[in-house]
Amino acid sequence: MAIAAARRRLWRGMRTAAAATASGEELYGSLLSRLVAEPECRVKATMEEATSSVPHRDGAFWEPLAAALLRASYPAKAHLVLEWKLEKLLKEGVNSHNCEPYSTMIHFCGDTRNAALAMRVFECAEARGIQLNTGIFNALINTFLAVGDLLAAVTLYETMEEMEDSKPDRATYDAFICAFSRLRSGDAMMSWYLAAKNAGFIPGIQAFESLMVGFVLLNKLDDAELVFTDMVSFEMKPTCTILEAKLEVFSRTEEVNRVKSFIKLVSDGNWELNKALVDRLTRLCLDGCEVDGMEQLLALIQTEAHFSSVTQLHCEIIRFYASADLLSDMEHAIDRMLNDGMMFLCAEDVEAVICSYFRHKAFDRLEMFLNRIQSLYMLTRSSYDILVAGFRRFDLHQRLEATIKDMREAGFA
């Protein structure tokens, strides 16, 4: 049973790790099953047997195997696969200008936080006279950062600065920015961000995300604003995580029109909102009684992508106008929602509309509203009770009798 469960996990990993044909997947699946079933002392021998049995096998076949083993929570066996590959490289020799296999192995060491093996791979590459490049240094820096060895990572960076063929690049600076964001070190984040800019590099979107999230968590809102402004000036499209951080900055400020300002920012940039952002903006509008903000948000988001959120937003706008007794605005909002193919989500929204009509004594318009929704919405007992009480209060006996009849037909005594 354990082997079968492991095999299922491994196949899920393989679907994302290996770009192979159907026949290739069968070979990988068979080998993965063997690696899982064998004890750790047999992993290297199993890899060697697999190579011997299929001599034309792609030399990089170990990469998806190691990735799948990591995803399936077999890090020790993944390490043994890496060790086997390293030993094979040392035995067979490789092109002195190609350090890619070594970089790939160090990358996997970073994923499993095995700095010792990463350093061993790096030293083997040096000893064999492999021409080192920025990629292999970055892989080793990422490994040291993953295990928290900041001194080793910074030492490598300083070494790169002194080399001609392995200078730090954008990925180098991004690695440090992301690492110090995880450590919640605001000064270090800003230092590495400025260092990247001074070196002529624009950080990647993941680095900007780390900067925004880190600064907001540290309540360094001015730094977050600076970074966001820079990102926009570089014409980079923010992720939803970055926009959530930016909205958090807005929510912590005393700006009067903070929600409308954020919505305008998103609209001007033609950026996309996820459901969490739409829901958060709706709540902020409601808390601040900003119906204009809700109207702007409704015009911004796409119905197809956020159908439930759009429906909720329609209902909140209608309820706002109903509570404020803005009858014309309320009816316009109702027509707009119904014309968009949506319906009320809860009885409270319908009852807010009914009560607004009663306060205005707009009985004919109330009847038109009820007739329009009756085929799509079933009134609740509480809604009928409000109608009965309202018609009775204003001595509208004919409408009262019709409502009681409808109520009985709906199953309410």
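What span should the 13 residues of α10 cover at 1.5 Å a residue, and how far apart are its end C-alpha atoms? The expected span is 18 Å, and the end C-alpha atoms of α10 are 18 Å apart, so the two values agree. The model examined here is predicted.

The protein chain holds 23 helices and zero strands. It has 413 residues, and 47% of them are buried. Among contacts with a separation of 6 or more, 63% join residues 24 or more positions apart.

Helix α10 runs from residue 170 to residue 182. It is largely enclosed by the rest of the structure, because 10 of its 13 residues are buried. The buried set is T172, Y173, D174, A175, F176, I177, C178, A179, F180 and S181. These residues pack against four helices: α8, α9 (150-161), α11 (186-198) and α12 (205-217). Both ends of α10 show local features. At the start, a side-chain oxygen of D169 comes to within 3.1 Å of the backbone nitrogen of A171. Just after the helix, R184 adopts a positive phi of about 60°.

Helix α18 covers residues 307-323, 17 residues in total. From its first C-alpha to its last, α18 reaches 24 Å. That is close to the 24 Å expected at 1.5 Å a residue. Its buried residues are S309, V310, T311, L313, H314, C315, E316, I317, I318, Y321 and A322. Their packing partners are α16 (275-287), α17 (291-300), α19 (327-339) and α20 (347-360). A positive phi also follows this helix: D325, just after α18, takes a value of about 55°.

A lysine was examined in a third helix. K88 lies in α5, which spans residues 75-92. Its relative accessibility is 13%, so K88 counts as buried, the cut-off being under 20%. With neighbours within four places in sequence set aside, K88 is in contact with E48 and T51.

Pockets were then considered. Rolling a probe the size of a water molecule over the atoms shows where empty space is left. The largest pocket has a volume of about 440 Å³. It is lined by 17 residues, of which L370, N371, Q374, L379 and D406 are the closest to its centre. Three helices each supply at least two lining residues: α21 (363-373), α22 (381-393) and α23 (397-409). The largest share, five residues, comes from α23. By class, the lining of the largest pocket comprises 10 nonpolar, four polar and three charged residues.

The second largest pocket encloses about 340 Å³ of space. Its lining also counts 17 residues, and G110, N142, L145, A146 and R182 are the closest to its centre. Here α6 (100-112), α8 (134-147) and α10 (170-182) each contribute at least two lining residues. The largest share is again five residues, supplied by α8. The lining of the second largest pocket has nine nonpolar, five polar and three charged residues.

Helix α10 thus appears in two settings. Its buried residues pack against α8, among other helices. Both α8 and α10 also supply residues to the lining of the second largest pocket.

Terms used:
Residues numbered from 1 in each chain as written. Predicted model: local features only at pLDDT ≥ 70, side-chain atom pairs only at ≥ 80, totals over all residues. Heavy atoms only, no water. 1 Å grid on protein atoms, 1.4 Å probe; cavity = no way out; pocket = protein on both sides within 12 Å on 5 of 7 lines; lining within 4 Å. Points joined across faces, edges and corners; volume = space filled by probe spheres on them. Nonpolar A, V, L, I, M, F, W, Y, C, P; charged D, E, K, R; others polar. Expected span 1.5 Å × (residues − 1). Buried < 20%, exposed > 50% of the residue type's maximum accessible area, 1.4 Å probe, protein only. Contact = heavy atoms within 4.5 Å. Polar contact = N/O pair within 3.5 Å; in protein donor to acceptor, adjacent residues only side chain to side chain.
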